[in-house]
Amino acid sequence: MRDETSEKMAHRIIEWTREVLNCDKGRLFMKDPKRDVIWGTDGGIYSQFSLSDSTSSLQGWVANNCKSLRVSDAYVDPRFNRAEDVRMQYHTHSVLAVPMLNQIKELTGVIMMVNKRDGQFSADDEELLET
C-alpha cells in the first residue's frame with residue numbers, strides 16, 4: 001500500500017538515518033501484506049522484490065531470514081542485484097540492511113543503508129539501526 005504520507009515519512013526516516021550513519025543513501029522497503037513482495041522507492045523510482053526468491057537481492061535475503069546483513073563489497077556478494085545500480089547509474093560498495101519487525105516479531109519491512117562514507121558499516125551501526 002503506497003500513499004503520499006507514508007512515502008514522506010519513509011523519506012524523513014531514511015534521511016535522518018543516513019545522516020546519523022554517515023552514508024550516501026538509504027532505502028526503506030515495506031512488506032505488502034497481501035502479496036509476497038517488499039517494495040520501496042528511490043528518487044521517485046518504484047521497485048519491488050519477491051520474497052519467494054531470497055537469492056536475487058540483499059533486501060530479499062534480509063526479509064526472508066529476518067536477520068541483519070552487513071556487506072563490505074556488494075559486487076562480490078552473489079545476492080546483490082546489480083540491475084538496480086545500472087538503472088540508477090550508481091555504484092554500491094557497502095550495505096547495511098536490517099529487518100523491521102512489529103511487536104509480535106512479524107516482518108513489516110527492511111531498511112537498507114548504502115555506502116558508508118568513512119569506512120565500513122560496524123557492529124555499532126548495525127545495533128543502532130536495529131533499535
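How many bridges join strand β1 to β6, and in which sense do the two strands run? Seven bridges join them, and the strands run antiparallel. I begin there, good morning, with strand β6, and I shall work outward from it. Please bear in mind throughout that this is a predicted model.

Let me first give the overall layout. The chain has four helices and six strands. Read from the N terminus, the order of elements is α-β-β-β-α-β-α-β-β-α. The chain comprises 131 residues, of which 42% count as buried. As for contacts between residues at least 6 apart in sequence, 49% of them join residues at least 24 apart. The chain exposes about 7600 Å², and carbon and sulfur atoms supply 51% of that area.

I return now to strand β6, which spans residues 107-116. Nine of its 10 residues are buried, so the strand is largely enclosed by the rest of the structure. Two pairings of β6 deserve attention. One is with strand β1, residues 23-31, as I mentioned at the outset. A specific point of reference in that pairing is Phe29, whose bridge partner in β6 is Val110. The other pairing is with strand β5, residues 95-101, which is also antiparallel and extends over seven bridges. Here one may take Ala97, whose bridge partner in β6 is Met112.

β5 and β6 also form a hairpin, with five residues between the two strands. Within that turn, Lys105 has a positive phi of about 65°.

Positive phi values occur elsewhere as well, and two further residues are worth inspecting on the screen. Asn115 is found in strand β6 itself. Its phi is near 60°, a positive value in a residue other than glycine. Is Asn115 buried or exposed? At 6% relative accessibility, Asn115 counts as buried. The second residue is Gln89, in the loop between α3 and β5. Gln89 is not a glycine either, and has a positive phi of about 50°. At 77% relative accessibility, however, Gln89 counts as exposed.

I turn to the charged side chains. The count of salt bridges comes to nine. One of them joins the side chains of Glu84 and Arg27, with an N to O distance of 3.0 Å. Glu84 belongs to helix α3, residues 82-88, and Arg27 to strand β1, so this pair ties together parts that are 57 residues apart in sequence. Why do both partners count as buried? The cut-off is under 20% relative accessible area; Glu84 stands at 15% and Arg27 at 6%. The two residues also belong to a network of salt bridges that links Arg27, Glu84 and Arg87.

A further set of salt bridges involves Lys116. This lysine is buried, with a relative accessible area of 16%. With which residues does Lys116 form salt bridges? Asp118 is one partner, the closest N and O atoms being 3.7 Å apart. Asp125 is another, with its closest approach at 3.1 Å. The two acidic residues may be set side by side: Asp118 counts as exposed, at 52% relative accessibility, whereas Asp125 is buried, with a relative accessible area of 9%.

Next, the aromatic rings. The count comes to one aromatic pair. That pair consists of Tyr75 and Phe80, and it is tilted, at 5.4 Å centre to centre with 40° between the planes. Tyr75 counts as partly exposed, at 24% relative accessibility, while Phe80 is buried, with a relative accessible area of 14%.

Finally, the surface. Trp16, Val20 and Leu128 form a nonpolar patch there, which has about 310 Å² of accessible area together. Leu128 is placed in helix α4, residues 123-130. At 40% relative accessibility, Leu128 counts as partly exposed.

To close, I would draw three items together. Strand β6 is largely enclosed, with nine of its 10 residues buried. The salt bridge between Glu84 and Arg27 ties helix α3 to strand β1. Trp16, Val20 and Leu128, for their part, make up a nonpolar patch on the surface. Thank you for your attention.

Methods:
Residues numbered from 1 in each chain as written. Predicted model: local features only at pLDDT ≥ 70, side-chain atom pairs only at ≥ 80, totals over all residues. Heavy atoms only, no water. Buried < 20%, exposed > 50% of the residue type's maximum accessible area, 1.4 Å probe, protein only. Pairing = 2+ DSSP bridges. Contact = heavy atoms within 4.5 Å. Areas by Shrake-Rupley, 256 points an atom, 1.4 Å probe, with all protein chains shown as cover. Salt bridge = Lys/Arg side-chain N within 4 Å of Asp/Glu carboxyl O. Patch = residues over 30% accessible without salt bridge, like charges linked within 9 Å, V, L, I, M, F, W, Y side chains within 5 Å. Phe/Tyr/Trp six-rings, centres within 6.5 Å; stacked < 30°, edge-to-face > 60°.
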